[in-house]
Every structure is written in C-alpha cells, then in structure tokens.
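Here is my note on the model you sent. It takes one helix and then the ring contacts.

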Amino acid sequence: MSAVKDAADPIPRALAALGFDPRAVLVKEPGVLLDPKFLSALHAELEREFGSDEATTTLVQIGFLHGLQDATRAVQGAFAAERGAALLPSAPPLALRFQIQPGALPPAGFEVHGSWPEHSEASALSAAGGHRACSLSAGYTSGWLSGILDADILALETGCVSRGDEACQFVAREAEAWRDADDAEALALLDALPFDAFRDVVHAERPEAAPAAGAFDPDAAVVHVWGAVMVIPFAGAEEALRTLHTMERDPASREVSVVVIDLSGAIIDEAFGAVALEQIVETVEAWGAEAIFADVSPISERVVAGLERQPLLIHKDLRQAIAVAFQIAEARRRPV
C-alpha cells in the first residue's frame, strides 16, 4: 500500500492510500465504470477502508476525471475535419438527459436539471443492498459539463431509484452559484474538486492542440445542418423565425434534435428581440428539439438571462456550444 499523497495533489487521497493510481484508470476504457460488479465492489471497498464521507468524495473525484477526459476528447474532436467532413464526437458512456424546469430561473449563472436514465450505478448499489449515493455518476456529470462548458460545474444527485424515487436525477450549477446558495454538501465537494489541477491532469494525458475549424465557417451567415444538429445565425428577429419555419419544412431538418442559435454580434433588446428569442425556443421545442443560445454579447446577457422561456443552455462560445449540441443529440438517442 503506497503512502498517502499530499493534499495539494489532485489525485484522490483515498485511492493513493490503497495503492490505486487514478491516472491508470483515467487512460483505461471508461465503460468499466458502468460495470455493475465493478461499481458495487468499488463502493464497498472505499467505504470499508475510509468511511462513507471520504468514499463519496473519492468517487466524485474519479468520476470527475473520467467526465472531464471525455469532454476534452469531444471538444478536441468536434470539428476535426478530413476532406471537409466534420468528425463528430460520440455519446458519453454515461447516458445523460437534460431538461429545463418550467418557469424556474437559475439563482445565478448556469443551471441545468437532468437524469441518468440507465441508472447503472443505482442498480449496482441496490443489488449490493442499502443506499449509497450515485457519487461516481455525479462526479462524471460534473467533469463532463465542466469540460464541455469550460466552466467549474458541480452536479448533485437529487433523486435515486435505489431509494425508491422514480428516476436518478441531478441538478448542476456553477461553483459560485453553489457557494452563494451555501449548500453544505456542495461546499464540501467543491473543496475536494480543484478544477484547474484536474484540468492539468487531463491535459497532460491529452496534450493535443485545439481542434481545427474544418468546414465550419462561423463568419458565414448560412444555416448549417449536420444530422441531428442545426446551427442558425441570428440575423434579426424576423429573419431567424422565417429561417426556422422554412427549415421546419425541409427534409434535411427531420432528424434535428438540437438547434444552436448563433447570437454572435447580435444586440438583443428587451422588446422585440426578447420576444423573438422566446418564440424561437417555443418553435424549436414544438419540433421536439432543444435550443441552445451561443455567443451572447455582454450587452445582451441581462436580457437573455431574463427570458421567461429559456433555452436548454446558454453558452459563451459558439464552437463549444456546437460540441455540446452533438453530445446532447447523441445522448437523446441513447436507449433508455
């Protein structure tokens, strides 16, 4: 059994004490973390050796590293191109489903509610007897969202089938929003997640440069459709709505499940602009799709944040918003 690592080391202390190197786990096939026998044994071993609290912290850290690695791979590969064809990222191994709470605005910054429809970890825990939180799933979701959104995101479990709930559910917020809410569980986990240090670990494993733009030209005011993802430039309220209604009748849009509205350079006023964006979200949702707003200008942030009908996500970077869209589209196709 190896010595316990220094507290400044981002590698989980509990696993280091077991002589188990998370860096080795990090480069292995992440699907191992969805194996029921492995999950059950990992929970039991950590809790037996270190107690419930430290076991939970360590599981969140392991999951975070895996989620961050997968998100980094997705962002780096989203627009790698060969002969003008985008190389699309695959779905995260842990199926994620996102939803917006109707009529509810986040207390601050980013907030999204969601579920783990396959509830793999909860099933493993139920089979082992008793209830221990889906900490690995929460950690993975935190790392994946942090990497995709380039922000410090923490996801907490809010419901679990292993304790009789209908679904395994979570809520994810930016670190500062959790701190403002003074949530004791969130504060404890935030102390255990040195986000920048974890990014250094993952980037050391994946030192590739940022992905090339490929065939995507963000300055071109044209609609892009890549299978399940559509990108529409916002060139005024009437134009954007007319484009949406036109694309609605286009066979190419039948498979679209996520629509990215590119707000680059747009100034959204509180009257017509805000109403138009709400109509866009409503129209996209009527397709059975999800809307994402990208590249909101600082002068428009307050108006967009105050919309009564919110998109699924608001992202500050267009390219990463599209990478998120592909991931969400793939996750929506996962069998449940």
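**Notes on a helix and the aromatic contacts**

1. The buried residues of α10 pack against three elements: β7 (224–226), β8 (229–233) and α11 (272–286). Keep in mind that this is a predicted model.

2. Which residues of α10 are buried? They are Ala-240, Leu-241, Thr-243, Leu-244 and Met-247. Seen down the axis of α10, these buried residues fall within an arc of 155°, so they line one face of the helix.

3. Helix α10 covers residues 237–248, which makes 12 residues. From first C-alpha to last it reaches 17 Å. That is close to the 16 Å expected at 1.5 Å a residue.

4. Now the rings. How many aromatic pairs does a search of the whole structure find? It finds three. One of them joins Phe-64 and Phe-195. This pair is edge-to-face, with 5.4 Å centre to centre and 70° between the planes.

5. Where do the two partners lie? Phe-64 lies in helix α4 (residues 52–77), and Phe-195 lies in helix α9 (residues 195–205). The pair therefore ties together parts that are 131 residues apart in sequence.

6. Are Phe-64 and Phe-195 buried or exposed? Both Phe-64 and Phe-195 are buried. Their pairing also belongs to a wider set: ring pairs link Phe-64, Phe-195 and Phe-198 into a cluster.

7. One contact involves a charge and a ring. Arg-173 lies over the face of Trp-178. The distance from the ring centre is 4.6 Å.

Methods:
Residues are numbered from 1 along each chain as its sequence is written. This is a predicted model: local features need pLDDT of at least 70, side-chain atom pairs count only at pLDDT 80 or more; totals for chains, interfaces and linings use all residues. Side-chain values use heavy atoms; hydrogens and water are left out. Helices (H or I, at least four residues) and strands (E, at least two) are DSSP runs, numbered from the N terminus. The expected span of a helix is 1.5 Å times one less than its number of residues. Buried means under 20% relative accessible area, exposed over 50%, partly exposed in between (1.4 Å probe, protein chains only). The arc is that of the directions from the helix axis to the C-beta atoms. Contact means heavy atoms within 4.5 Å. Rings of Phe, Tyr and Trp (its six-membered ring) pair if their centres lie within 6.5 Å; planes under 30 degrees apart count as stacked, over 60 as edge-to-face and the rest as tilted. A charge sits over a ring if NZ of Lys or CZ of Arg is within 6 Å of the ring centre and within 35 degrees of the ring normal.
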